[in-house]
Amino acid sequence: MNVDLFFQYIVAGITYGTIYAVVAIGFNIIYNATGIINFAQGEFVMLGGMTAVSLHRFLPLPSAVLAAVLITMIVGALIEVLFIRWLHKPSVLRMIIITIGLSILIREIALHIWGEGVKALPYFTGTSVSSIKLGGVFVSPQVIWVVGISAVMVALLSFFFNYTIAGRQMRACSANREAARLCGINAKNMVTLSFALSAAIGALGGCIVSPITYVQYDSGTPLAIKGFTVAILGGLGNSFAAVAAGLLLGILESFSIWVMPAAYKDVIAISILLVILFVRPSGLFGSREAASMKEF
Amino acid sequence: MRSSAHLALFGLIAAVIAVQQITAHTGSGYYLTQLTMSAYYSLVIVGLCLLMGYAGQISLGHAGFFAIGGYISAFLTTHDLTPLKDTVFVAFLNKTGILWAREDLYGGQLLTVQPWPACIAAVLFTVVVAYIVGGPVLKLKGHYLAMATLGFGTIVYRIALGTTALGAADGLSDVPPFKLTPFLEVSGEMSARVQNYYIAWGLVILAVFLSLNLIHSRIGRALRAIHAAQDAADAMGIDTAKYKLNIFALSAVFASVAGVFLTHYNGGIGPSEASIMKSVRYVAIVAVGGMANLWGALVMGTLLNFLSLRGYLGSYDDAVFGGILIVIMLFIPRGLLHTDILRDLRALLPGKAGEEDA
Amino acid sequence: MALLEVKDVRKRFGGLQAVDTVSFAVAEGTIKALIGPNGAGKTTLFNLISGFVSPDGGAISFRERQVQGLRPYQVAAAGMARTFQHIRLFPKMSSLENVMVGRHLHGRSGFLASMLSLPRTRREELKAKDKAMELMDFLGIAGLAGTEATSLSYGQQRLVELARALACEPRLLLLDEPAAGLNMRETAEMASVISKIRDMGITILIVEHDVSLVMNISDEIIVLNYGRKVADDVPLAIQKNEDVIRIYLGGDDA
Ligand SMILES: Nc1ncnc2c1ncn2[C@@H]1O[C@H](COP(=O)(O)OP(=O)(O)O)[C@@H](O)[C@H]1O
Ligand SMILES: [Mg+2]
């Protein structure tokens, strides 16, 4: 393998890894607020991408993306209000099954709206063949968009959770729901907010990556499994570690083509998930102690 | 087993015979095809019900076990060994009678494994996989167990889809009939329709009989105890890890046997049998049936699979199962076929909070 | 040699030394009580002995066999049964079924025999049922056999849990606050039941807050405070022990 190809693999790994990290952060936001793993997380990504593609037919690209994110955000909030908000202390099994049901419904609705075809937004700048030279390596401009927008998103999220009232209230709720409620925070609204936020982040991820990876009605589930892998790798609930874990998985997966046919790419990622679950469920960066305190 | 369970079992046998008689007298024998297929899916569901409902362990990968059974049996009984005929191993197999020479559909000569040894190999391999996967997976709980089994299912699906030797997206076809005895044969031949209906349902009845015995035994109590309070079960001397693993393997065997038989019945198998959607479907049906309710799972499994196979659900097939999952889990988490169903429904009325199980 | 010997056992949770180098022995055929204020580490010590928590150090020998680090089911198989401070009955199972789970170790039938419902399996099942009924009768709860265990009153649930532990036919019985939540009459009944169990030849280690109950029935008492053993003596001596008096008059609610 020559140096060029090596860097191409790295770049591809970073691109996919970024999206896995975005899905993982979506998982984390809802998990922190509710203790629920939302199995429909991947569908938010698909929904964002699909909606943006449809809207782009009569809206300019930036507005289409923005509108798609808003629409998915509303869908996320609605899902929480309709299906989760009013359940009284649901069991874990019940929540797993409900969110899996939701993921299937969203996927099937998408199938009926958009069909089975593969869709994509145009490249944000340039075309599929244009490239930028970065320190001797040629990189598609879309990769810059993906990494750039995701980085801004992580920065904004971190600002949101640390410096805004709503963000701090959400953190207070995840630390101790009962205490937060006593301090006058409406915990239920915080949960709704977490679904909206997580849907918005997923949708934006789906938009920026669609020129490269394309979207299809059923592209959510593999993303969900890999996003979960990344969330676990980083330690459930820890979003900064998820970024590192996402890049790691993306790059590993990218290089796996070396040793295995591309058709088995997912097998690699999922085997990593299984191995991590077996040997270190608290994640590579998480502390064992902290993981054992959590309720599953 | 309790006498009420015996009675219900006789009821099932009577119903199976009655349905066949009705189709025979009304000239609607074509229904038997879907009823036969439903029976095999119900076999998976009975096993999953033992695992989920009684032992309390979710599996989102049971289609994987079904597919392992089906694919191995299909591969072994269709893969032509003629080019390897002179290798020591194949020659040895040939001598033991495990192989048979037969004609394919176009009159060409094939040397393949016989269905019986293929079936046994498939089920044994499933058991091995179940123990290898189940060992670590069943140490997990809740979300982690769900994701890990989902991951297992996805791996099987991806391997089925990506392996040329397994026919990739087309799957394997031209699987020969499975001669169980000189008079009984699993095959999709029109002439063997009635016989296959009885083979399939006979298998289900056997599975239900064994499962009912198990539920009402020392082992069944231990499994329910693990589900109800694992630490207390542990304190009573129950090796919880071992029991969970054994019931996981047993339910995998049910799924695998169903996979083998249905593959011979259909004459082939495709990757969709391994898909996550199939696994979710099985879970959905166990949930609708009321989780720890073998009869509920059986009735709903037969009904829903029959409707789906007849195409009554149209292009909304998967959506229906997704919808069922949500509706049942939101409103009647104890399932539809439950003696207290009215109470559950009343509890839905505003102002009355339903009680939640742990 | 004593039936149970605990030697220099330690357990730390994060920054908290829950059990701090504790040693003691329980002689066959006696009732030994473990008392101490809330959070003293009594339950943790039980969990260490019964295998629910593994010790950071020290040794536990039961029937002259090292049991530290064994899984709970292995400890149970060695002849130790326990009840829980917070009752842990099996919901959705009848009281009788709950007690029958306690017979698990005395059954042989595996998956295959159970699925086939062999005659031997059925005989075994009947025997388990008889034994369970006999124990429920002994504790005066035979009438509740068919009732769902978790729907019973608190006192009845305690008795079902006790019957379940007795069904194991243990050599050593660990009781974690068996009288917690019981009224005075029920507590007195519990005390007499515990004495009767000892008279059946079962050795008992009991954690109890009700000091008068403990003084009446136990042969020896250990006092634990902040994870450390403060005293280990016969009841009369414990009553006079100044350290113990200080702990109990020092404002703790035990
Ligand atoms: N699994 C655990 N993790 C962390 N701390 C624990 C755990 N179990 C007990 N503790 C702590 O150890 C101390 C002793 O608890 P415990 O043994 O329950 O006391 P007791 O039964 O005497 O009231 C308490 O401070 C308790 O909070
Ligand atoms: Mg205690």
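An oxygen atom of ligand 1 sits 3.2 Å from a polar backbone atom of C:Ala40, and that contact is a good way into this predicted model. Ligand 1 on its own exposes 560 Å², of which the protein buries 60%. Here are the polar contacts of ligand 1 with C:Ala40 and two other residues.

| Residue | Partner atom in the residue | Distance to an oxygen atom of ligand 1 |
|---|---|---|
| C:Ala40 | polar backbone atom | 3.2 Å |
| C:Lys42 | polar backbone atom | 2.8 Å |
| C:Thr44 | N or O atom in the side chain | 2.6 Å |

Let's widen the view to the surroundings of ligand 1. The residues around it include C:Phe13, C:Leu16 and C:Ala18, and the list also holds the run C:Pro37, C:Asn38, C:Gly39, C:Ala40, C:Gly41, C:Lys42, C:Thr43 and C:Thr44. Which element gives the largest share of this shell? Helix 1 of chain C does, with three residues. Strand 2 (16-26) of chain C, like helix 1, supplies at least two residues of the shell.

C:Thr43, one of the residues around ligand 1, also takes part in the metal site. The magnesium ion (ligand 2) is coordinated by C:Thr43 through OG1 and by C:Gln85 through OE1, at 2.0 to 2.2 Å. These two residues bring together distant parts of the chain: C:Thr43 belongs to helix 1 (residues 42-50) of chain C, while C:Gln85 lies in the loop between strand 6 (80-82) and helix 3 (95-101), 42 residues apart. Are the two coordinating residues buried or exposed? C:Thr43 is partly exposed, because its relative accessible area is 27%, and C:Gln85 counts as partly exposed because its value is 23%.

Now for some backbone geometry. Most residues other than glycine have a negative phi. C:Lys92, however, has a positive phi near 65°. This lysine is found in the loop between strand 6 and helix 3 of chain C, and C:Lys92 is exposed, with a relative accessible area of 59%. C:Glu169 is another non-glycine residue with a positive phi, of about 50°. Its place is the loop between helix 6 (154-167) and strand 7 (172-176) of chain C, where C:Glu169 is partly exposed at 41% relative accessibility.

Finally, a word on confidence in chain A. Its mean pLDDT is 86, with 95% of its residues at 70 or more. Helix 2 (residues 41-55) of chain A has the highest mean, 96, and helix 12 (residues 288-293) the lowest, 40. Over residues 288-296 of chain A, pLDDT stays under 50, and the model has 13 contacts beyond four places in sequence for them. Where pLDDT is low, the predicted coordinates should not be read in detail.

Key:
Residues are numbered from 1 along each chain as its sequence is written. Chains are lettered from A and ligands numbered from 1 in the order in which they are written. This is a predicted model: local features need pLDDT of at least 70, side-chain atom pairs count only at pLDDT 80 or more; totals for chains, interfaces and linings use all residues. Side-chain values use heavy atoms; hydrogens and water are left out. pLDDT is the predictor's confidence in each residue, from 0 to 100. Helices (H or I, at least four residues) and strands (E, at least two) are DSSP runs, numbered from the N terminus. Contact means heavy atoms within 4.5 Å. Donors are N, O and S atoms within 2.8 Å of the metal (3.2 Å for Na, K and Ca); water is not among the atoms, so sites may look incomplete. Buried means under 20% relative accessible area, exposed over 50%, partly exposed in between (1.4 Å probe, protein chains only). A residue is near a molecule or strand if one of its heavy atoms lies within 4 Å of it. A polar contact is a pair of N or O atoms within 3.5 Å; within protein, one must be able to donate a hydrogen and the other to accept it, and residues adjacent in sequence count only if both atoms are side-chain atoms. Accessible areas come from the Shrake-Rupley method with a 1.4 Å probe; for residues, only the protein chains shown count as cover.
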